[in-house]
Structure formats: structure tokens, C-alpha cells
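Student: Please take a close look at the buried part of this chain, residue by residue. Put the whole chain in outline before the detail.

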Amino acid sequence: MDNPQPLVVALVSGGLDSMVAAALTRAAGYRLLALSINYNQRHQVELAAARRVAHVLGAERHVVLPIDLSLFGGSALTADIAVPKSGVGEGIPVTYVPARNTIFLSLALGWAEAAGARDLCIGVNALDYSGYPDCRPEFVAGFETLAELATKAGVEGQAFRIHAPLQMMTKAEIVLEGARLGLDMGLSWSCYDPTTEGLHCGACDSCRLRSKGFVAAGVADPTRYAA
């Protein structure tokens, strides 16, 4: 007997946001196909977190897809560029990876069409974030239009939907949603520059936003920070 629940291809980076976004989509009645991208980022610890997250969320399949964005460089996450530690500032930081979410969603779209899924999930957020252009609502809406134009399913009238349930949440609201869903948020990873001991650095933009979210939510932070 066929499972009546629809499939969603969820981008699972290992981070807190993608964990909560995928969990919310699962709670809405979707079966998860989890996609993580090994883009030769400087630190592989987030992929270990992605495997943990995909497992605890009950993904029917988890694909870790290799693609080497370090050949392009242009980001502190893919090239020998220092990760800023002075706080979240104005403008787009050097931790922005050129066109990353466009690339990732394109890969998720390919898997979705092949698997017969018409739903994608991504944990982008446009409130408490680092100012990346590919986290904005305009980007998500634009990609849905692209998916309709670029796929066989789309031109045959089978529209794709991108679930971005965290789009307009603060980091504190994301933490509260994770707590409400009973997630072990300590399984996730956020740091851009982990220590050699495997700790969150506590000073990069992502660590600062994560810590601030737990404090503002009044939820105990399970993260192990170096500072």
C-alpha cells in the first residue's frame, strides 16, 4: 500500500536552523529525504552533525553529495580567509559562499523531481542572520518560479513548493520551536571556526547568533563553546 504522506527533500546542513525547519516540515505530515552537501568546506564537523540530525529526524534516505566549491573560493568557508570574530556587522560578511543556496536548492530540486517529490525544505532566515542575500523571501519566491520554468514537472503543471518555515522567525523563536518539538538541539552544529578540541568558537557570527537565541528564548544552551 502506498504511503499517502508526501515526500519533501530537506536541505540538512547540520545547523540548528535546518534541523528545526526539517522537523517542522516533518511535523506538518511530510516524509523526509535529507540532502547534505559536502562542498569541501573548511570544517567537516557540520557534516557529522548533519548525519546525526538526519537520523534522529527519521529521514527515509540521507544523501551527502560531494561538490568542491573550494575550487572557486571567494568565502572564508571555502578559502584561506580568516573568519571574522568581531561581531555581526553591516553588509554581507566574508562567510557568504557565492550563490550557495542557489546551488544547493538546484541540487535538491534535481533529486525532488527524480524522486517524484514536489516539495523542498530549507532553513533560511531573514531576521536574525548574517545578511546573506540568498536567505531573503525574494530569493525563495524567485527560486520557486525558476523551478517551474526549469523542470519537466514544472512545465507539465506540477508546481514545486519551497518550505522555509523559519523565514521570518527570530533566532529565539527558532530555539523555542526546537524545544516545543522536543529536539535535542545539542546535536546540531553552527560554528564557522571550530576549535581543534571540537568546540564552538563562541565568537564567530554564527556562534553569537546561536548563543543569543538561546539566551533570549530562556532555553538552556546545550552548545559547548570555547569562550
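Tutor: The outline of the chain comes first, then four residues in turn.

This is a predicted model, in which local features need pLDDT of at least 70 and side-chain atom pairs count only at pLDDT 80 or more, while totals for chains, interfaces and linings use all residues. Residues are numbered from 1 along each chain as its sequence is written, and side-chain values use heavy atoms, with hydrogens and water left out.

The protein chain has 7 helices and 5 strands, where helices (H or I, at least four residues) and strands (E, at least two) are DSSP runs numbered from the N terminus. Their order along the sequence is β-α-β-α-β-α-β-α-α-β-α-α. The radius of gyration, taken over C-alpha atoms, is compared with a globule rule of 2.2 Å times the number of residues to the power 0.38. For 227 residues a compact globule would have a value near 17 Å, and the 17 Å of the protein chain agrees. The C-alpha trace spans about 50 × 40 × 30 Å along its principal axes.

Of the 227 residues, 50% count as buried; buried means under 20% relative accessible area, exposed over 50%, and partly exposed in between (1.4 Å probe, protein chains only). A contact means heavy atoms within 4.5 Å. Among contacts between residues at least 6 apart in sequence, 72% join residues at least 24 apart.

Helix α3 supplies two of the residues to look at. Phe-104 lies in this helix, which covers residues 100-115, and Phe-104 counts as buried at 10% relative accessibility. Leaving aside neighbours within four places in sequence, Phe-104 is in contact with Leu-11, Leu-35, Ile-37, Tyr-39 and Leu-69. The C-alpha atom of Phe-104 is separated by 18 Å from that of Tyr-192, 88 residues away along the chain.

Ala-108 is also placed in helix α3. Ala-108 is buried, with a relative accessible area of 0%. Not counting residues up to four places away in sequence, Ala-108 touches Val-9, Leu-11, Leu-35 and Leu-120. Leu-11 and Leu-35 thus appear in the contact lists of Phe-104 and of Ala-108. Between Ala-108 and Pro-133, 25 residues apart in sequence, the C-alpha to C-alpha distance is 19 Å.

Leu-120, in contact with Ala-108, is also among the contacts of His-163. His-163 is in strand β5, residues 161-163, and is buried at 8% relative accessibility. Beyond neighbours within four places in sequence, His-163 is in contact with Val-8, Thr-25, Tyr-30, Asp-119, Leu-120, Cys-121 and Ile-122. With Asp-119, the side chain of His-163 makes a side-chain polar contact at 2.7 Å. A polar contact is a pair of N or O atoms within 3.5 Å; within protein, one must be able to donate a hydrogen and the other to accept it, and residues adjacent in sequence count only if both atoms are side-chain atoms.

The last residue, Gln-41, is in the loop between β2 (31-38) and α2 (45-56). Gln-41 is buried, with a relative accessible area of 5%. The side chain of Gln-41 makes a polar contact with the side chain of Glu-46 at 2.6 Å. Apart from neighbours within four places in sequence, Gln-41 is in contact with Glu-46, Leu-47 and Leu-77.
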